[in-house]
Amino acid sequence: MGRTRRNNRRLRPLSRQARRRFLDYIEGQDPDECWTWDGPMMRSDYPLFYGDGRQRSAVGVLYYLYYHKPLQLHEVIQHTCDNRSCMNPNHIYRVDRSLAGHEIQMEKVRHGVNVGEGHPQHRLTAEQVREIRRRAADPAVLQKDLAQEYGVTSTMISKIVHRKAWTHI
Ligand SMILES: [Zn+2]
């Protein structure tokens with residue numbers, strides 16, 4: 001076998017199934033809070049994702065999915081929240097490996113803004129959350145259909161229904 005090209009391995013996008021599974025591992029809704037990773041970890045703070053027969057950095061996959069830009073080999077992902085296992089896409093940004101510490105801090109300030117559109121997992125409004133609970137009470141309505149309709153994962157629908165997410169509504 002020939003040499004593996006690290007570059008390719010990092011950049012290849014996920015299959016639909018892997019993408020769905022990936023999003024199911026992420027827990028969090030509030031755009032400002034840290035989101036957690038319910039999947040495998042290396043050590044205690046490095047989320048890993050096994051998908052399409054490969055193991056990758058879950059944060060790297062997150063970056064790719066939300067920003068639609070592959071990470072270059074000279075770049076690393078940083079967290080604005082300093083929580084290495086955080087999976088909130090608003091808390092990650094990329095920097096050039098060669099930047100010095102203080103420059104990275106400046107980038108962090110610059111990136112302390114929301115990413116806006118293009119999220120695979122949409123934010124829900126309080127109204128939608130009430131609507132989901134109302135509709136899910138009907139046994140004929142499937143959670144996976146609601147998930148598709150509202151653009152969130154089935155896990156999230158289940159949590160909303162069982163009041164493990166959006167508990168204040
Ligand atoms: Zn965070």
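**Helix packing and a small sheet: a Q&A**

Reader: Looking at contacts in the protein with a separation of 6 or more, what share comes from residues 24 or more positions apart?
Author: Bear in mind that this is a predicted model. Contacts here are counted between residues whose C-beta atoms lie within 7 Å. Among those with a separation of 6 or more, the share from residues 24 or more positions apart is 52%.

Reader: And what percentage of the residues count as buried?
Author: To be buried, a residue needs 20 or more other C-beta atoms within 10 Å of its own. Across the 169 residues of the protein, the share that passes is 20%.

Reader: What pattern do the helices and strands follow along the sequence?
Author: The protein has 7 helices and 7 strands to place. Read along the sequence, they come out as α-α-β-β-β-β-β-α-β-β-α-α-α-α.

Reader: Let's go to the open sheet of 3 strands: which of them stand at the edges?
Author: The order in this sheet is β3-β4-β5, with antiparallel pairing. An edge strand has a single partner, so one of its sides has no neighbour in the sheet. That description fits β3 (41-42) and β5 (54-57).

Reader: Which residue in β4 stands opposite M41?
Author: β3 runs antiparallel to β4, which covers residues 46-51, and 2 bridges join the pair. Opposite M41, in β4, you'll find P47.

Reader: Which helix lies across β4 and β5?
Author: Look for a helix running at about 80° to β5. Its residues are 58-67, and that makes it α3.

Reader: Now the loop between β3 and β4: is R43 buried or exposed?
Author: R43 sits in that loop, and its phi is near 50°, a positive value in a residue other than glycine. The cut-off for exposed is 12 or fewer other C-beta atoms within 10 Å. R43 has 8 of them, so it counts as exposed.

Reader: How does D52 count on that scale?
Author: D52 is in the loop between β4 and β5, with phi near 55°, which is again positive in a residue other than glycine. Partly exposed falls between the limits of 12 or fewer for exposed and 20 or more for buried. With 13 C-beta neighbours inside 10 Å, D52 is partly exposed.

Reader: On to the helices: how are α5 and α6 oriented to each other?
Author: α5 (residues 126-136) and α6 (residues 143-150) pack at about 155°, their axes 11 Å apart. The crossing is right-handed. Angles over 145 degrees count as roughly antiparallel. The two helices are therefore roughly antiparallel.

Reader: How many residues in the contact of α5 with α6 are nonpolar?
Author: From α5 come Q128, I132, R135 and A136, and they meet Q143, L146 and Y150 in α6. Of these, 2 are polar and 1 is charged, while the nonpolar ones number 4.

Reader: What about α5 and α7, how do they lie relative to each other?
Author: The axes of α5 and α7 (residues 154-161) come within 9 Å and cross at roughly 85°. Anything from 65 to 115 degrees counts as roughly perpendicular. The pair is therefore roughly perpendicular.

Reader: How many nonpolar residues does the contact of α5 with α7 hold?
Author: V129, I132, R133 and A136 on the α5 side meet I157, I160 and V161 on the α7 side. The contact has no polar residues and 1 charged one, and the nonpolar count is 6.

Methods: Residues numbered from 1 in each chain as written. Predicted model: local features only at pLDDT ≥ 70, side-chain atom pairs only at ≥ 80, totals over all residues. Axes fitted to C-alpha atoms, helices over the stretch in contact; angles between N-to-C directions. Helix = DSSP H or I, 4+ residues; strand = E, 2+ residues; numbered from the N terminus. Parallel < 35°, antiparallel > 145°, perpendicular 65-115°, else oblique. Left-handed = near helix turned anticlockwise from the far one by under 90°. Contact = placed C-beta atoms within 7 Å. Nonpolar A, V, L, I, M, F, W, Y, C, P; charged D, E, K, R; others polar. Pairing = 2+ DSSP bridges.
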